[in-house]
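Colleague: Could you pick one buried polar side chain in this model and take me through its surroundings in detail? I would also like to see how that spot fits into the rest of the fold.

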Amino acid sequence: MGKLARRQVIDRKEVLENGIIQLRIANIVSDDGVDFSKTYVGRRLIHPGDDVSAESPEIQALCALEHTPEKIAAQEARVAASKARGVP
C-alpha cells in the first residue's frame, strides 16, 4: 500500500429551475493517486442573491451566469412571501 490521501471535492453542480445552485460534496480516498473510495457527505445550496465571495472562482462564475437580476428578484419575493406566512 502506498501513500493514502483524503480530499473533499464538489463533484456535482446542479442548477435548479429557480436559479438555486446545488453543490454535492464528496470525500475521496486515494492510494498513490488512484481513487478507490468516494463517499457523498452532503449538499449545499446557493440561492440567487447569496454572497459567493468565499466560493471558488468556478462557482463564482457559475453564480454570475445563473443568478440573473430576474432570478434574484424572484428569490427575494419568495423569501418575503415565506416571512409573511410566518415561515422562517
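Modeller: Happy to. A polar contact here is a pair of N or O atoms within 3.5 Å; within protein, one must be able to donate a hydrogen and the other to accept it, and residues adjacent in sequence count only if both atoms are side-chain atoms. This is a predicted model, in which local features need pLDDT of at least 70 and side-chain atom pairs count only at pLDDT 80 or more, while totals for chains, interfaces and linings use all residues. Residues are numbered from 1 along each chain as its sequence is written, and side-chain values use heavy atoms, with hydrogens and water left out.

Let's settle on N27. Its side chain makes a polar contact of 3.3 Å with the side chain of R6, and another of 3.1 Å joins the side chains of N27 and Q8. N27 sits in strand β2; helices (H or I, at least four residues) and strands (E, at least two) are DSSP runs, numbered from the N terminus. With a relative accessible area of 12%, N27 is buried (under 20%; exposed is over 50% and partly exposed lies in between, with a 1.4 Å probe and protein chains only).

Contact, meaning heavy atoms within 4.5 Å, gives a wider view. Leaving aside neighbours within four places in sequence, N27 is in contact with R6, R7, Q8, S37, K38, T39 and V41. T39 is also the bridge partner of N27 in β3. The C-alpha atoms of N27 and Y40 are 6.4 Å apart, although 13 residues separate the two along the chain.

The strands explain much of this setting. Nine of the 11 residues of β2 (residues 21-31) are buried, so this strand is largely enclosed by the rest of the structure. Strands count as paired if DSSP finds at least two bridges between them. β2 pairs in the antiparallel sense with β1 (residues 4-15) over 11 bridges, and with β3 (residues 34-46), also antiparallel, over 11 bridges. Within the β1 pairing, Q22 of β2 stands opposite E14.

The turns at the two ends of β2 are worth a look too. The hairpin of β1 and β2 has five residues between the strands, and there G19 takes a positive phi near 95 degrees. In the hairpin of β2 and β3, with two residues between the strands, D32 has a positive phi near 55 degrees.

β2 also contributes to the nonpolar core, a set of buried Ala, Val, Leu, Ile, Met, Phe, Trp, Tyr and Cys residues joined through side-chain atoms within 4.5 Å. The largest one has seven residues: I21, L23, I46, V52, I59, L62 and C63. β2 and α1 each supply at least two of them, and the largest share, three residues, comes from α1. One member, I46, has contacts beyond four places in sequence that include G19, I21, L23, V52, I59 and C63.

Further along the chain, S53 lies in the loop between β3 and α1 (57-66). S53 counts as exposed at 56% relative accessibility, and its side chain makes a polar contact of 2.9 Å with that of D51.

For another buried polar residue, try Q75 in helix α2. Q75 has a relative accessible area of 11%, so it is buried, and beyond four places in sequence it touches I20, H47 and P48. Just after α2, G86 takes a positive phi of about 85 degrees.
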